[in-house]
Amino acid sequence: MVCLDNKFDENILQKYRILLFPQIAIGAITGYNVYADRVTSNSPIIVNYLHSNLGLNDDGTPHRHRKELMERLSELAQLKVQERVVNSVVDRVAVYKIGDWKENPLGLVFYDIKGNAIAIEDLEDYEDILIAEGKQFDLRLEIEDSNLLKKVLALFNKYTYAHKVNSFGLVKEITNPDAIFDAWEIPLIVVTSNEDLRRKDFRRIFDITITDYLYEISSLVRQQRNTFEDYLKEKGVEFKRIKRYANRSFVELYLDEL
């Protein structure tokens with residue numbers, strides 16, 4: 001079994017496998033993230049970009065995806081990349097039902113809906129719902145105003161999709177010549193803003209967050225919000241609901257197609 005690292009307590013991970021895997025199984029949520037050091041900020045606008053290859057190689061050099069993204073972000077001088085961005089990548093444990101994401105990174109552990117690990121050699125014959133768990137990353141950008149936000153989102157639209165995306169947030173069947181290395185077909189870009197985000201390529205969603213000692217367990221929901229919240233209430237689990245926005249392609253393909 002893959003060792004995630006000492007930051008993530010196995011008891012916490014198993015606790016939420018038992019609690020949340022049934023909700024993944026019925027389609028109330030597509031998955032969730034576990035954070036051990038999720039950063040809070042007073043910035044009026046925050047953009048989070050989630051990907052599996054925003055970390056460092058064994059020799060301390062950045063993964064190629066991270067390196068190329070940082071180079072593109074450096075085009076926006078206002079972001080102060082070296083000061084703000086490099087230190088804003090945090091670890092997360094990503095948990096999701098296989099089939100919801102086409103790009104499955106290396107180093108995953110696979111489970112059945114009861115939280116039992118499934119050996120790699122047994123996967124080929126396994127026919128029930130399969131849930132993946134693995135360490136991935138969350139890049140947080142603090143944005144000062146709406147003009148900079150427009151530039152940042154334009155940059156992500158241009159470089160982080162494997163295929164071209166139009167102004168409505170719809171992915172075309174055209175390879176994106178500007179895509180950075182290991183760009184996903186459907187990336188996940190989340191915006192938190194004090195003001196309503198009025199864009200055709202983003203949709204309002206909710207981040208249902210459970211705080212458990214030093215950990216935050218985060219699930220993104222939209223149409224199934226009431227179902228998921230009612231389940232947590234029945235289980236006596238306290239949570240908070242945070243309004244956010246996510247790129248339309250992600251919302252419509254993953255959160256709405258349950």
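Is Met70 buried or exposed in this structure? In the predicted model described here, Met70 has a relative accessibility of 10% and therefore counts as buried, the cut-off for that class being under 20%. The residue belongs to helix α2, which covers residues 64-73. When neighbours within four places in sequence are left aside, the residues in contact with Met70 are Val81, Val85, Val86, Val89 and Leu139. For one of these, Val86, the separation along the chain is 16 residues, and the C-alpha atoms of Met70 and Val86 are 8.0 Å apart.

Helix α1, formed by residues 10-25, was examined for its length and its course. Its 16 residues should span 22 Å at 1.5 Å a residue, and because the C-alpha atoms at its two ends are 21 Å apart, the expected and the computed values agree. The helix nevertheless carries a kink of about 35° at Leu19, a position shortly before the proline Pro22. Leu19 is also one of the buried residues of α1, which further include Ile12, Leu13, Tyr16, Arg17, Leu20, Phe21, Gln23 and Ile24. At the start of the helix, the backbone nitrogen of Asn11 is approached by a side-chain oxygen of Asp9 to within 2.7 Å, while just after α1 the residue Gly27 adopts a positive phi of about 85°.

Aromatic pairs were considered next. A pair of aromatic rings is described by the distance of the centres and the angle of the planes. The model contains 3 aromatic pairs. In one of them, Tyr49 and Phe156 are arranged in a tilted manner, with 5.1 Å from centre to centre and 40° between the planes. This pair links distant parts of the chain, since Tyr49 lies in strand β2 (residues 45-51) and Phe156 in helix α4 (residues 146-159), 107 residues apart. Tyr49 counts as buried because its relative accessibility is 0%, and Phe156, at 1%, likewise counts as buried. The rings of Phe250 and Tyr254 form another pair, which is edge-to-face because the planes stand at 70°, with the centres 5.0 Å apart. Phe250 and Tyr254 are both in helix α6 (residues 248-255), and as they are 4 residues apart, about one helical turn separates them. Phe250 is buried, with a relative accessible area of 2%, and Tyr254 counts as buried at 4% relative accessibility.

Phe156 also takes part in a polar contact with Thr160, a residue placed in the loop between α4 and β7. A polar atom of the Thr160 side chain lies 2.6 Å from the backbone oxygen of Phe156. With a relative accessible area of 0%, Thr160 is buried. Apart from neighbours within four places in sequence, Thr160 is in contact with Tyr49, Leu69, Ile180, Ala183, Trp184, Pro187 and Ile189; Tyr49 thus appears both in this set of contacts and as the ring partner of Phe156.

Strand β7 (residues 163-165) runs antiparallel to strand β8 (residues 171-175), and the two are joined by 2 bridges. Within this pairing, Val165 stands opposite Val171. The two strands form a hairpin in which 5 residues lie between them, and Gly169 in the turn has a positive phi of about 80°.

Two further strand pairings involve β12, which comprises residues 240-247. Strand β9 pairs with β12 in the antiparallel sense over 2 bridges, and Val191 is placed opposite Tyr245. Strand β10 is likewise antiparallel to β12, with 8 bridges joining the two, and here Ile208 faces Arg241 as its opposite residue.

Finally, the backbone angles of two loop residues deserve mention. Most residues other than glycine have a negative phi. Asp182, although not a glycine, has a positive phi of about 65°; this residue is found in the loop between β8 and β9 and is partly exposed, with a relative accessible area of 29%. Tyr213 also has a positive phi, near 60°, in a residue other than glycine. Tyr213 is located in the loop between β10 (202-212) and β11 (215-221), and its relative accessible area of 71% means that it is exposed.

Definitions and conventions:
Residues numbered from 1 in each chain as written. Heavy atoms only, no water. Pairing = 2+ DSSP bridges. Expected span 1.5 Å × (residues − 1). Bend = angle between axes of the 7 residues up to and from the residue. Buried < 20%, exposed > 50% of the residue type's maximum accessible area, 1.4 Å probe, protein only. Polar contact = N/O pair within 3.5 Å; in protein donor to acceptor, adjacent residues only side chain to side chain. Contact = heavy atoms within 4.5 Å. Phe/Tyr/Trp six-rings, centres within 6.5 Å; stacked < 30°, edge-to-face > 60°.
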